[in-house]
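Let's take a walk through this structure, stopping at some charged pairs, a few sheets and a couple of single residues. Have the viewer open and follow along.

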Amino acid sequence: MKKSKRVSVSFIGLLLACCVHGQVILDGMVVDKDNLPVIGATVVVKSTTVGVVTGIDGKFHLTLENTLPATLTVSFLGYEEVDTDVYEAGKEIRVVLMETAENLDEVVVIGYGTQRRRELTGAVGSVSKQYLEYNTAPSLDALLGGAVAGVNVTQSSGQPGAASSIRIRGGNSINASNDPLYVIDGIIVYPRSTNAGAGGGEVAVESSINPLAAINPATIESISVLKDVSATAIFGSRGANGVIIVTTKKGRRDKNIINYTLTTGWSIPSRHLRLMDATQWARVQIDYFGNKGNITGEQLAQIGHGYDWQDAVLQTGFRQNHDISVSGGDEKTRYLLSGNFIDQSGIIINSGFRRYNIHIKIDRDIYQNLTIGTSTTFGKSNQNSLTTSKEVNYNSSPFGDGITNSLTYALFMPPTVPIYNADGSYNYLNPWESSHFSLNGRQANPVSDLNNSVAESINNSILANVYALYTIRNGLVAKLNLSTDQSSITQNFFAPSTSALGLNEVGVGSIGKKQHEIWQADATIDYSRQFNDSHFINFLGGYTYQHVHENYLINRASHFTNETLKHNNLGDGQVQTPTLNGIFASQLHSIITRLNYTLQEKYNLTATFRADYSDRFAPGKRWGYFPSIGVSWNIDKEKFLQEQSLFSTLKLRLSAGGVGNTEIGDYLFAQIFRAQKYNGQTVYQMDNLGNPDLTWETTTQYNLGLDGGLMEDHLNFSLDLYHKNTYNLLLEKPAPLGSGVDKQMVNIGNVQNKGVEFGVNAILIDKGKLRWDISANIARNINAVTALGDDDRILSGQYSEQILKVGESFGSFYGFIFDGIVQSGEDISQLPLVNGSTPQPGDVKFVDIQKDGSIDLNDRVILGSIHPDFIYGLSSSLIYRNFDFFASFQGSQGNEVVNSLRRNLERATSSYNLSAALLDAWTPDNPSNEIPRISAGYQMKFIDNRHVEDASYFRMKNLTIGYNIPKVKNLRAGVRIFLSAENLFTITAYKGYDPEVANGIDVGAYPSARTFSVGFGLNIY
């Protein structure tokens, strides 16, 4: 649609212009209806081929050889074309473009710039505006689940403030990081562990704060996900796992706006595990374990349900979230200042998360061709979590018996043991407790543990940049960007002498501190030019430098005489562990180039080259070179499609190239020795063997894509096929015998990912005051290890339950195949021996894979994998008059999880509570073929497929219903009230707390919550 706009600048200027001949210089700016710059708009002198393209600040500089007046035609895809008459030079021309009805987010943010979607050659996904506007999730990564095809988001814990695991098109690496790179307002952010190591030895703080938790989702304007190599190659060594680009909101030039939103709500556990009550458990102790507690028949008849320890440690959590922002601007300045406070108590007692956040974003046109700006976020996060016993693989350890943290200890507590004494004090007497948590006639109480222990993480962070944009000449813009990402992390740990972890050490406390700094400098130059109507070119070149510095300090003490001040008085500890501290640093130098070329708005080319120098690798192995090329064809612009009415847009994409991965520890190429104390003397012990050949892990990728729009873009789809191969894997292998260390980082092996993605967006109804949109996506990724050097397999895990094997996906589970239960009357002489013994009625049978008459380690097979067959997402938004409705769903199909918690709860002991499933255990009168007879221990310590569960699920992530209160005349304010629910329901066959387990082994992580919220938003303008 074309719209004509006539602007008379000055009648006197018209008379003067008629008398002037020669060169005329015109300067102007193209903005949208929100006064935001339109980047890449075409400004052409009407009926000529003289024209320019607006720069990244929306400005243009045009030189005419003819006299004024002149008519400028300004156009941009997705906007109505505008004709502007200019009669006088010397004044800035301001052109406002209005969106067409078919504009569907046409400009997307890419690495170091923006690009029109029609010119893209890479696979770039975007999070819909509805996800950003209506989602009440407190963190950035929570917004991504189910929102973009090929992005698999799995929560690592239900702990408030915990991070999620995000994988874009599968995992490429085994020991290097698989996390995507984040670019937030031009600041490079790579998620890193905020665990400062408090605890030491065999105890610790279970969770660590999500480093992205410092970002307030309410300030986010857009999220772009770069998935293929054409899009990510500009980031070179950091683009192998995909890139997520986040742009925060800006102020508007024409008005000042105040926004305030209050959200308050409550959370409840989404599931309880079925455990035995006191009567059931006592009967098991009497019948099978010799009645260690000497329970009489009279006591058994009166014992009832007993004490519900699970219910005692779970609670209803409450949260409040306050967001306030002030934004605005004038012709030269835009500003936004926002503040956020969130206070969230968890569904486990004495756990929670608190965040303070201040965000400032300002840009100002200092001169006509110079703009400076800053985006700065200050954050403070405080998380209270669970104390945990570290994984220790020796017999009869708490972890080995399934007691991994203070939550699981509560699940194992016998229901016959009171939580409190008659006077309301904690009960520390448990006659059933084994030697783990018993000392001098006193036993631990997990409710007391949770209330009196300290597992606190504090993160003070700053994410900031300062940039300058200088327009050298029309279409030629230089940019200098200086940024920093800093975190100061403190972890406080304390387990009193009454606690499970502090009992034997008469109280133990620790403080860990970590200081993490990243400094980045980017110097780029961007050139854009339109040559007549056929050719458009954009070139980006630059240099980037990054310096990473980290230091840490851990102090630990035990055997306290006074526990009143807990970790704040470590000097009271009679046993002082030597201080542990260290420093790490690395540098990355990069040269970047990218060329975009468009011919006749039909044929697009993107060629990228990046060279990276990283000192994390061995000398002589530090340079990595990462080229890529992408082409696309706008088929709908061809004449043979002009007459049809089905496709409004149709584009074919193809890309190929390589990217790398540097995300390993520092100095792994070098031999490192660590100071130790031995008999009061300082000695040095080898800590890292080193590898003089350590070099880049590289991923090559090929992508074929098809994008289309039907029915005037009321239905849009995107289909991608990809193939990735990662070689020179950065892999930890067992070190040579006698080297003094267990592992060595080497470059060995290949991993392959290949898959297909499909996404669709549709406007189902758009009539008057009713609009209904729906979005859906589905993706399948096939992961396989294709080489492991000289090895065929590598085993890991507490019971060697995980395996790396050529031809299988990494994250595969390894164990025996369950073959039922031995029944009475069965010919046991025909059964294979288990651990050298003949199985008896009620015992488990396993499949004899080797058919040699004996079940041994050679009978283990692949039992499943953490990788799903496919993932999918669905969302829908509906607006009718003043009402709005938004719902989002997420699903995963075909992935498995080792339910280690269930396995341990189904192992009968004389000390701990059991799963209610054992009430259906095999007996001669109850010939179960699923649950074996009750007996102490396992027939085999290695896992079998009974506990490798299907973790497929379909989850309603968010449901929000809102109402905009009708505006009052002459009152410049708007009010919206809303109700919201998160994790409203989950359909799954998984028997644990939650099927989302990031590492695939469920040892009893913090459960997920179901959250209900109510809130209102106030907008003053």
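Start with R167 and D179, whose side chains meet in a salt bridge, 3.1 Å from N to O. By salt bridge I mean a side-chain nitrogen of Lys or Arg within 4 Å of a carboxyl oxygen of Asp or Glu. R167 lies in strand 13 (residues 164-168) and D179 in the loop between strand 13 and strand 14 (181-184), so the pair ties together parts that are twelve residues apart in sequence. Helices and strands here are DSSP runs, numbered from the N terminus: H or I over at least four residues for a helix, E over at least two for a strand. Both partners are partly exposed: R167 has a relative accessible area of 25%, and D179 has 22%. On that scale, buried means under 20% relative accessible area, exposed means over 50%, and partly exposed is in between (1.4 Å probe, protein chains only).

Before going on, keep in mind that this is a predicted model, where local features need pLDDT of at least 70 and side-chain atom pairs count only at pLDDT 80 or more, while totals for chains, interfaces and linings use all residues. Residues are numbered from 1 along each chain as its sequence is written, and side-chain values use heavy atoms, with hydrogens and water left out.

How many salt bridges does the structure hold? There are 35. Another one joins the side chains of K743 and E732, at 4.0 Å from N to O. This pair links distant parts of the chain, with K743 in strand 40 (residues 743-747) and E732 in strand 39 (residues 730-734), eleven residues apart. K743 is exposed at 52% relative accessible area, whereas E732 is partly exposed at 35%.

Then there's R933 with D843, where the closest N and O atoms of the salt bridge are 2.8 Å apart. R933 sits in the loop between helix 9 (900-905) and strand 54 (948-950), and D843 in the loop between strand 47 (833-834) and strand 48 (844-846), so the bridge ties together parts that are 90 residues apart in sequence. Is each partner buried or exposed? R933 counts as partly exposed, at 32% relative accessibility, but D843 counts as buried, at 9%. Salt bridges can also share partners, and that is how K59, R253 and D365 are joined into one network.

Now for the sheets. Five strands make an open sheet in the order 11-17-18-14-15, with mixed pairing. Two strands pair if DSSP finds at least two bridges between them. Strand 11 (124-126) and strand 15 (187-189) stand at the edges with a single partner strand each, so one side of each has no neighbour in the sheet. From one strand to the next, the twist averages 25 degrees; the axes behind such angles are lines fitted to C-alpha atoms (for helices, over the stretch in contact), and the angles run from 0 to 180 degrees between N-to-C directions. At one edge, strand 11 pairs with strand 17 (residues 220-226) in the antiparallel sense over three bridges, and S126 stands opposite S224 in strand 17.

A second open sheet has four strands in the order 43-44-45-50, with antiparallel pairing. Its edge strands, strand 43 (793-796) and strand 50 (861-865), each pair on one side only. Here the twist averages 40 degrees from one strand to the next. Strand 43 and strand 44 (residues 802-805) are antiparallel over four bridges, with I794 opposite L804 in strand 44.

For a hairpin, go to strand 35 (residues 672-678) and strand 36 (residues 681-688), which pair in the antiparallel sense over seven bridges. Y678 stands opposite Q681 in strand 36. Two residues lie between the strands of this hairpin, and N679 in the turn has a positive phi of about 55 degrees.

Finish with two single residues. H549 is in strand 30 (residues 535-558) and is partly exposed, with a relative accessible area of 22%. Among the residues that H549 touches are Q515, H516 and I583, leaving aside residues up to four places away in sequence; contact means heavy atoms within 4.5 Å. The C-alpha atoms of H549 and I583 are separated by 7.6 Å, with their positions 34 residues apart along the chain. T698, in strand 37 (residues 697-710), is buried at 11% relative accessible area. With the same sequence neighbours left out, T698 touches F626, V659, G660, N725, T726 and Y727.
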